[in-house]
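Me: Hey, can you walk me through this one? I'm new to reading structures.

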Amino acid sequence: MAGNLALFDLDNTLLLGDSDYSWGEFLVAEGLVDAETYFQKNRDFHEDYKAGQLDMNAFFAFSLQPLIDHGLETLSALRPKFLRSVVQPMIAPGAAALLASHQQDTRVIITATSHFITQPIAQWFGVDHLIATDPEIVDGCATGRIAGTPCYQAGKITKLKAWLQASGLSYEHSWFYSDSINDLPLLEWADHPHVVHPDDSLRAIATARGWPVISLESEPD
């Protein structure tokens, strides 16, 4: 008998913050990128994302430059420190209970953020499946390009369908939890869309369509 599929956005949903943006700030703090230029570009791309206007190819060319400059081995060694010092304090208090409520389902974190950044985070949450934007790696080195389809906006559906086909997974019902207007296509695709910490535009859509609006900012009673 087929089970159910539970999909979770990561940034500003399971996390009360943005791991992609925070990774950039972390690299500045570690002295691996120039603070003045990186801060401003990182902020500009973050604002584009919130407005639903992010150029993913341009952003990845920017955000993957440290991988090109310093190499996968160097930055991979920093991920445990990033997880411990930056990501864990951002974890939404209600995230664990929400994930536990879908313990019997196939749980998938699906995020626009790079697989390189989010893989350790998904593992920490105990979520076995991660669909993210994949950086192109050639001969062990990042190229600054995206491999395949960006996991962004309607691309999330494309990536999800490809993953479902490759895994041979069947399911009866699907849930999706997200904060972002960028995830409207996948919210519309899911059987049970849930909006988490939405901005005003997504809250208005959720209200009009009768979608549940929830908060993970505190632990459930």
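Reply: Sure, we'll go through cysteines and then aromatic rings. This is a predicted model, where local features need pLDDT of at least 70, side-chain atom pairs count only at pLDDT 80 or more, and totals for chains, interfaces and linings use all residues. Residues are numbered from 1 along each chain as its sequence is written, and side-chain values use heavy atoms, with hydrogens and water left out.

Me: OK, how many disulfides does the structure hold?

Reply: Zero. A disulfide here is a pair of cysteine sulfur atoms within 2.5 Å.

Me: Is cysteine 151 buried or exposed?

Reply: Cysteine 151 is buried, at 0% relative accessible area, while cysteine 141 is partly exposed at 47%. Buried means under 20%, exposed over 50%, and partly exposed in between (1.4 Å probe, protein chains only).

Me: New topic: how many aromatic pairs are there?

Reply: There are 13. Rings of Phe, Tyr and Trp (its six-membered ring) pair if their centres lie within 6.5 Å; planes under 30 degrees apart are stacked, over 60 edge-to-face, and the rest tilted. One of the pairs is tryptophan 23 with phenylalanine 82, edge-to-face, with centres 5.0 Å apart and 80° between the planes.

Me: Where do tryptophan 23 and phenylalanine 82 sit?

Reply: Tryptophan 23 is in helix 2 and phenylalanine 82 in helix 7, 59 residues apart, so the pair links distant parts of the chain. Helices are DSSP runs (H or I, at least four residues), numbered from the N terminus. Tryptophan 23 is buried at 5%, and phenylalanine 82 is buried too, at 2%.

Technical notes: Helices (H or I, at least four residues) and strands (E, at least two) are DSSP runs, numbered from the N terminus.
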